[in-house]
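Work through these exercises with the structure open. Try each task before you read its solution.

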Amino acid sequence: AAEKKTLDKEERRQKARERQQKLLAEFASRQKSFMETAMDVDSPENDIPMEITTAEPQVSEAVYDCVICGQSGPSSEDRPTGLVVLLQASSVLGQCRDNVEPKKLPISEEEQIYPWDTCAAVHDVRLSLLQRYFKDSSCLLAVSIGWEGGVYVQTCGHTLHIDCHKSYMESLRNDQVLQGFSVDKGEFTCPLCRQFANSVLPCYPGSNVENNPWQRPSNKSIQDLIKEVEEL
């Protein structure tokens, strides 16, 4: 019985080795056939013309998440999306100087707080010079409101639909418990992060590249440019 058991074990090992060699031979044959097919580039029958198609670049629309209704989608003309912002008056740009020397704090009435080399002073000199030679109406159209007054814009980065914002403001007006800000002046807190805000900056519908209304003129005469400016 022991001898028969030993013979059966050897027979099973021999059959296993034969099956393994058969599988290795079949695998080597398939690999050789695949390599011959892949490397056979000299045969004219295998020369298949390759079409090279250049895909046109597609500019995807920006998708915004409304923090009130929770819906996501692009800003459209039918339902625009706005960015929660805080607008504040600022005169920082008017204090910008051309001089690199540090500014000294005035300690007497003779010393001026606003030196002559600030952006605000340069704007005033330019306006006075224009008013000397031109009418006031033309001068006011040629310059901005000035550097002494400006707008500082900051945002928490959250967006919402304009109609959702209107509904949100109505709910704040009906809530008498709120204190610390004036809803009648447009002040509110972001529905998501509760950061203070007072305005909503609309997001441009669609893609800025495709729907840009202004195109840089090229090879146009001065008369055509003047006509376009007058139309604008």
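**Exercise 1.** Which residue forms a salt bridge with Arg 173, and how far apart are the closest N and O atoms?

*Solution.* Start with the rule: a side-chain nitrogen of Lys or Arg must lie within 4 Å of a carboxyl oxygen of Asp or Glu. Arg 173 meets this rule with Glu 170, at 3.4 Å between the closest N and O atoms. Next, place the pair: both sit in helix α4 (residues 162–174), three residues apart, so about one helical turn separates them. Helices here are DSSP runs of H or I with at least four residues, strands are runs of E with at least two, and both are numbered from the N terminus. Now check exposure. Buried means under 20% relative accessible area, exposed means over 50%, and partly exposed lies in between (1.4 Å probe, protein chains only). Arg 173, at 37%, is partly exposed. Glu 170, at 44%, is partly exposed too.

The model is predicted: local features need pLDDT of at least 70, side-chain atom pairs need 80 or more, and totals for chains, interfaces and linings use all residues. Residues are numbered from 1 along each chain as its sequence is written, and side-chain values use heavy atoms, leaving out hydrogens and water.

**Exercise 2.** Find the salt bridge of Arg 79 and say which parts of the chain are linked.

*Solution.* The partner is Asp 163, at 3.1 Å from N to O. The pair links distant parts of the chain, 84 residues apart. Arg 79 lies in the loop between β2 (72–73) and β3, while Asp 163 is in α4. Arg 79 has 29% relative accessibility and is partly exposed. Asp 163, at 35%, is partly exposed as well.

**Exercise 3.** Compare the expected span of helix α2 with the distance between its end C-alpha atoms.

*Solution.* The expected span is 1.5 Å times one less than the number of residues. Helix α2 (residues 119–133) has 15 residues, so 21 Å is expected. The end C-alpha atoms are 22 Å apart, which agrees.

**Exercise 4.** Are Ala 120, Ala 121, His 123 and Leu 127 of α2 buried or exposed?

*Solution.* These four residues are buried. They cover an arc of only 160° around the axis, so they lie on the same side of α2. That arc is taken from the directions from the helix axis to the C-beta atoms. On the other side, Val 125, Arg 132 and Tyr 133 are exposed. Finally, look for the packing partner: the buried residues pack against α3 (136–142), where contact means heavy atoms within 4.5 Å.
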